[in-house]
Amino acid sequence: MKIVYFSPNDTTRQVTVAAAAAMEPGGEQIDLLKAPLTEEVSVGAEEMLVVGMPVYAGRIPGLCLSSLACLKGHGGPAAAIAVYGNRDYDDALLELTDLLEAQGFRVVGAGAFIAKHSIFPTVAADRPDEKDLEAIAAFGRECQARRGLFSDSHPGEILVKGNRPYKKPGSASFRPAGDKTCTNCGACAAICPTKSIDPADPTKTREDTCLACAACIRVCPTGARAFRGVAYQTARKAFELKCAPYRLPETFYRA
Ligand SMILES: Cc1cc2nc3c(=O)[nH]c(=O)nc-3n(C[C@H](O)[C@H](O)[C@H](O)COP(=O)(O)O)c2cc1C
Ligand code: SF4
Ligand code: SF4
């Protein structure tokens with residue numbers, strides 16, 4: 001089994017690994033935050049591929065597309081997972097499913113699960129919770145049960161919620177920055193997937209390249225890096241209200 005994820009704030013990794021653990025023990029983990037894929041990764045016809053992506057503006061992160069294009073399937077099973085911050089996953093799960101099918105996989109299950117919002121962490125703060133973890137494990141078991149059911153003579157089909165053409169990719173309105181508690185440890189610049197932090201002055205952020213992924217906030221040992229400012233705080237309050245209703249996991253299976 002191969003387990004692939006991009007997870008700047010760690011929730012996509014948690015969900016993806018939990019789903020994979022319910023399929024079979026072990027598996028090779030490929031962490032796209034540590035290093036994007038640049039060479040083909042071939043996945044055997046008997047091997048399960050599990051891919052987890054965070055939802056960014058209703059799509060999968062554009063940064064991951066070149067890595068996902070390196071995954072080469074041979075008609076084997078795959079599970080597609082989209083993790084989102086309780087607003088909506090829009091077309092992200094469909095996009096990931098389409099992409100994996102185009103790369104030669106048979107997607108046996110696709111699941112959208114809810115986790116703490118990485119820009120507004122008071123939204124869905126306690127997700128995934130116990131109920132989510134049960135749903136994630138049930139999804140993993142169902143994918144495992146279906147993995148051997150399909151072949152060239154019985155290809156099956158999976159219908160996933162979302163629209164084609166997918167919604168236009170968007171970018172975040174806020175970027176994190178550091179404050180005077182920065183000790184210049186370098187952790188944020190080292191983890192940033194877009195090299196948007198100058199190691200010489202880690203309190204600043206390149207606005208044009210930063211994804212707002214929050215990886216730098218997660219690794220900062222002093223709490224120096226954060227989303228700040230009146231506009232951000234105002235947007236956070238509005239977002240908390242808008243995204244207050246508890247959304248449930250949604251799953252789709254090949255039949
Ligand atoms: C740039 C950006 C855009 C996002 N867009 C959405 C969105 O459209 N819908 C949503 O519900 N959550 C959205 N989120 C929240 C993430 O999908 C969610 O927090 C996810 O759990 C992050 O995964 P991670 O913890 O693995 O980084 C967005 C987060 C970021 C950073
Ligand atoms: S600077 Fe932007 S892109 Fe880089 S880790 Fe921080 S939030 Fe992510
Ligand atoms: S991780 Fe925090 S303390 Fe370390 S350089 Fe970045 S902002 Fe400064």
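**Two domains and a well-covered ligand**

Domain 1 and domain 2 bury about 1,300 Å² between them, with 72% of that on carbon and sulfur atoms; buried area here is the accessible area (1.4 Å probe) that two parts lose on being put together, summed over both. Keep in mind that this is a predicted model, where local features need pLDDT of at least 70, side-chain atom pairs count only at pLDDT 80 or more, and totals for chains, interfaces and linings use all residues. Residues are numbered from 1 along each chain as its sequence is written, chains are lettered from A and ligands numbered from 1 in the order in which they are written, and side-chain values use heavy atoms, leaving out hydrogens and water.

**How the domains meet**

- Domain 1 covers 2–166 + 246–253 and domain 2 covers 187–242, with bounds from an automatic or database domain assignment.
- Their centres, taken over C-alpha atoms, sit 25 Å apart.
- On the domain 1 side, Leu 33, Ile 119 and Phe 120 lose the most area to domain 2, together 35% of what that side buries.
- You'll find zero salt bridges between the two domains (a side-chain nitrogen of Lys or Arg within 4 Å of a carboxyl oxygen of Asp or Glu).

**Around ligand 1**

- There are 26 residues around ligand 1, and Ser 7, Thr 11, Thr 12, Val 55 and Lys 116 come nearest (a residue counts if one of its heavy atoms lies within 4 Å).
- A side-chain N or O atom of Ser 7 is 2.6 Å from an oxygen atom of ligand 1, while Asn 9 brings a backbone N or O atom to 2.8 Å from a ligand oxygen.
- His 117 has a polar side-chain atom 3.3 Å from a nitrogen atom of ligand 1.
- On its own, ligand 1 has 640 Å² of accessible area, and the protein covers 96% of it (Shrake-Rupley method with a 1.4 Å probe).

Definitions and conventions
Polar contact = N/O pair within 3.5 Å; in protein donor to acceptor, adjacent residues only side chain to side chain.
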